[in-house]
Amino acid sequence: MLNRLTPGYRSLGRREMRVPALNWMRIHTIAFKDFRNLQDETIEIGPGANILFGENAQGKTSFLEAAHLCATGRSQRASASREMIRFGADEAHVRINCEKKGSADRIDVHLKRDGKKGAALNQVPIKKIGDLFGNLLVVSFSPEDLKLIKAGPNERRRFMDLELCQMSKVYCFDLQSYCRALRQRNLALKDLRKRPDINDTICVWDAQLIEHGCRILRARKAFTEKISPLASLIHEIISDGRELLQIQYKPNATESDFSEKLKRSLNRDIISGSTSVGLHKDDMVFIINSSDARTYGSQGQQRTASLSCKLAEIALIREVKQSSPVLLLDDVLSELDKGRQRFLLESVEDVQSIITCTGIEDVLKNAPGDSKVFRVSGGSVAPKAI
Ligand SMILES: Nc1ncnc2c1ncn2[C@@H]1O[C@H](COP(=O)(O)OP(=O)(O)OP(=O)(O)O)[C@@H](O)[C@H]1O
Ligand SMILES: [Mg+2]
């Protein structure tokens, strides 16, 4: 069954979720200049597992953040890009040399304390930072992701959006356009109380919300339909066949009623000064053995379902993009029991990964033999023989 669902998987064996090296995507080097506390240096990373260990506050998450920034144009943790610039510096730079489907790419991102982010692909500046999506595919996984099911709907939308943006430039464009129209509509709603003459502008924003929103809706629906059987299969293996996981998309409006819902909620929206219906209110539901895991699942079930969902994400990217993403695992192993740790490391053996941890012994027991190990200390990342 795994072969049918995920061409990447070789076997259904409990510990054999290997994936052949399709078209590899891999990072060769990451270079930093005034990025957080990291030293200005170029780090060469290996094609398989790269384990970064070190005490707290040494720069491990910052290293992963730099890779995520080059892949998506944003940080997975900073709300403002100036947070990533070294204290006291005016600018920060990150450069990644990577390889996709046999061709070499260079991605540069620079951050300015008093300006916008800039990026270049193969030394050609790109107009919008969103255009970075798709050049370097990553799947990031932190302890926060283990709370995907328990977290608010915002986190689950972020999960869908990040994956869809990496897989489709059209989705990325629609999402940006939808968010822009939403901001404009909300501004107009607030103004309307003082200036009833701008009533007509609401229809303009509604038309844009509907146009982009319906495409987003179709993409999210297709995404959930694809990821659900993949996650279900992985969850079944981790739970030794005891649990059946299903993921469902819960849109706030449908293609046929979105326009009507916007009209009906207009008075309420004017009072609140914000748009109460639309794709920005969507959610995903996780069902384990016919019950909503958010309400009825145990903490362990919720975490296993989140883990299954993240692993399914790797399989889905492979299927859609015919290329393996780079896995960025931030201190997630310490959050899992030994069995799940082993399962995770073995499932991603054929993917390039960067794994951070504080204690190295447990990780090394299950990590592939050809792993590269680095010690992170005071912002310096140094290879270490094992
Ligand atoms: N803009 C910045 N300039 C300089 N240093 C910074 C900046 N932002 C954060 N730091 C510092 O960088 C250090 C490394 O942070 P980071 O989150 O990467 O640590 P870590 O190794 O992941 O630690 P932990 O194991 O606790 O997660 C911290 O001491 C932090 O205070
Ligand atoms: Mg950290």
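Trainee: What makes the side chains along strand 10 (residues 283–288) count as alternating?

Mentor: In this predicted model, Met 284, Phe 286 and Ile 288 point to one face and are buried, while Asp 283, Val 285 and Ile 287 point to the other face and are not buried. In a regular strand the side chains alternate between the two faces of the sheet. A residue is called buried if 20 or more other C-beta atoms lie within 10 Å of its own, and along strand 10 Met 284, Phe 286 and Ile 288 meet that criterion, whereas Asp 283, Val 285 and Ile 287 do not.

Trainee: How do you know that strand 9 (residues 245–250) and strand 10 pair, and in which sense?

Mentor: Two strands pair if DSSP finds at least two bridges between them; strand 9 and strand 10 have six bridges, in the antiparallel sense, and one of the residue pairs is Tyr 249 with Met 284 in strand 10. Strand 10 is also joined to strand 11 (residues 291–292) by two bridges, and these strands again run antiparallel, with Ile 287 opposite Asp 292 of strand 11. In the hairpin of strand 10 and strand 11, two residues stand between the strands, and Asn 289 takes a positive phi near 45 degrees.

Trainee: Why is Gln 123 called exposed?

Mentor: A residue is exposed if 12 or fewer other C-beta atoms lie within 10 Å of its own; Gln 123 has 7, so Gln 123 is exposed. Its place is in the loop between strand 6 and strand 7, and although Gln 123 is not a glycine, its phi is positive, at about 70 degrees. Most residues other than glycine have a negative phi.

Trainee: What joins the two strands on either side of that loop, strand 6 (residues 118–121) and strand 7?

Mentor: Two bridges join strand 6 to strand 7, which run antiparallel, and Leu 121 has Val 124 of strand 7 as its bridge partner. Both strands belong to an open sheet of six strands, in the order 2-1-4-5-6-7, with antiparallel pairing.

Trainee: What makes strand 2 (42–44) and strand 7 (124–125) the edge strands of that sheet?

Mentor: Strand 2 and strand 7 each pair on one side only. Helix 2 lies across strand 1 (25–33), strand 4 (91–100) and strand 5 (103–112) of the sheet, running at about 70 degrees to strand 4.

Trainee: Which element gives the most to the shell around ligand 1?

Mentor: Helix 2 (residues 60–72) does, with three residues. The shell around ligand 1 has 17 residues, of which Asn 37, Asn 56, Lys 60, Thr 61 and Ser 62 come nearest; by character the shell divides into four nonpolar, eight polar and five charged residues.

Trainee: Why is the pairing in the sheet with the order 8-12-13-3-14-15 described, and in what word?

Mentor: The pairing in this open sheet of six strands is mixed. Its edge strands, strand 8 (138–141) and strand 15 (380–384), each pair on one side only, and the twist averages 20 degrees from one strand to the next. Within the sheet, five bridges join strand 3 (residues 49–53) to strand 13 (residues 353–357), which run parallel, and Asn 50 stands opposite Ile 354 in strand 13. Helix 9 (residues 299–321) packs on the sheet, touching strand 8 and strand 12 (326–330), and its direction makes about 180 degrees with that of strand 8.

Trainee: Why does Asp 331 count as partly exposed?

Mentor: Partly exposed lies between the limits of 12 or fewer for exposed and 20 or more for buried; with 18 C-beta neighbours inside 10 Å, Asp 331 therefore counts as partly exposed. Asp 331 sits in the loop between strand 12 and helix 10 (338–347), and its phi, near 55 degrees, is positive in a residue other than glycine. Ser 259, in helix 6 (residues 258–264), is likewise partly exposed, with 16 other C-beta atoms within 10 Å.

Trainee: How do you know whether the radius of gyration of the protein chain agrees with that of a compact globule?

Mentor: With 386 residues, a compact globule would have a radius of gyration near 21 Å, and the protein chain has 22 Å, so the two agree. The C-alpha trace spans about 70 × 55 × 35 Å along its principal axes, and 44% of the residues count as buried.

Methods. Residues numbered from 1 in each chain as written. Chains lettered and ligands numbered in written order. Predicted model: local features only at pLDDT ≥ 70, side-chain atom pairs only at ≥ 80, totals over all residues. Rg over C-alpha atoms; globule rule 2.2 N^0.38 Å. Near = placed C-beta within 6 Å. Helix = DSSP H or I, 4+ residues; strand = E, 2+ residues; numbered from the N terminus. Nonpolar A, V, L, I, M, F, W, Y, C, P; charged D, E, K, R; others polar. Contact = placed C-beta atoms within 7 Å. Axes fitted to C-alpha atoms, helices over the stretch in contact; angles between N-to-C directions.
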